[in-house]
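Please examine the sequence and the structure shown below before reading on. The paragraphs that follow lead through them step by step.

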Amino acid sequence: MIIFGTKGYLYQLAILTLVCGRCGNPAAHTLRKRVTKFTLFFVPLFPVSTKYATQCTFCGAEQQVSREQAEQLQAQETDGQAYGPADRQQPYRRP
Ligand SMILES: [Zn+2]
């Protein structure tokens, strides 16, 4: 007897500040990746679908985004961490 099925995985990729399309607030949004994997005897073998979505933490609105968009958003976030607004202001500060 062969037991197979699918298993869903949810990855939180980033937390971004975006203006929400629903509530209009510049709120924190989580960027998530949802991967569905094919399992055989409960062992996940390969992904059958990968979906990306952002979710507003203010109103909970979820919006699906493409992989390209998700990658762009992630790149922005990495950028923001390395050179956050506070760091960016420092070179212009005079003692
Ligand atoms: Zn919202």
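In this predicted model, C59 has a relative accessibility of 26% and therefore counts as partly exposed, since the partly exposed class lies between the 20% limit for buried and the 50% limit for exposed residues. C23, at 29% relative accessibility, counts as partly exposed on these limits too.

Both cysteines serve a metal site. The zinc ion has as its protein donors the SG atoms of C20, C23, C56 and C59, at 2.3 to 2.4 Å from the ion. The angles among these four donor atoms run from 104 to 113°, and the site is tetrahedral. Along the chain, the donors are spaced as C-x2-C-x32-C-x2-C. The pair C23 and C59 links distant parts of the chain, the two residues being 36 residues apart. C23 is located in the loop between β1 (4-19) and β2 (26-40), whereas C59 is located in the loop between β3 (43-56) and β4 (62-65).

The strands named here belong to one sheet. The sheet is open and consists of four strands in the order β1-β2-β3-β4, with antiparallel pairing. Because β1 and β4 each have a single partner strand, they stand at the edges, and one side of each is left without a neighbour in the sheet. On average, neighbouring strands are turned by 30° against each other, direction ignored. Between β3 and β4, which run antiparallel, there are four bridges; Q55 has E62 in β4 as its bridge partner.

Strand β2 also contains T30. Is T30 buried or exposed? With a relative accessible area of 8%, T30 falls under the 20% limit and is therefore buried. Beyond its neighbours within four places in sequence, T30 is in contact with Q12, A14, I15, A53, T54, Q55 and T57.

The next topic is the nonpolar interior. In soluble globular proteins, nonpolar side chains tend to be buried together. Here the largest nonpolar core comprises seven residues, namely A14, L16, L31, Y52, V65, A70 and L73. Two or more residues of this core come from each of β1 and α1 (67-82).

L31 is one of the core residues. Its contacts, leaving aside neighbours within four places in sequence, include the core members A14, L16, V65, A70 and L73. L31 is also in contact with Y11, Q12, L13, A53, T54 and Q74.

Methods: Residues numbered from 1 in each chain as written. Predicted model: local features only at pLDDT ≥ 70, side-chain atom pairs only at ≥ 80, totals over all residues. Heavy atoms only, no water. Donors = N, O, S within 2.8 Å, 3.2 Å for Na, K, Ca; no water. Tetrahedral: all angles 85-135°; square planar, octahedral: opposite > 155°, others 65-115°. Buried < 20%, exposed > 50% of the residue type's maximum accessible area, 1.4 Å probe, protein only. Core = buried A, V, L, I, M, F, W, Y, C linked by side-chain atoms within 4.5 Å. Contact = heavy atoms within 4.5 Å. Pairing = 2+ DSSP bridges. Axes fitted to C-alpha atoms, helices over the stretch in contact; angles between N-to-C directions.
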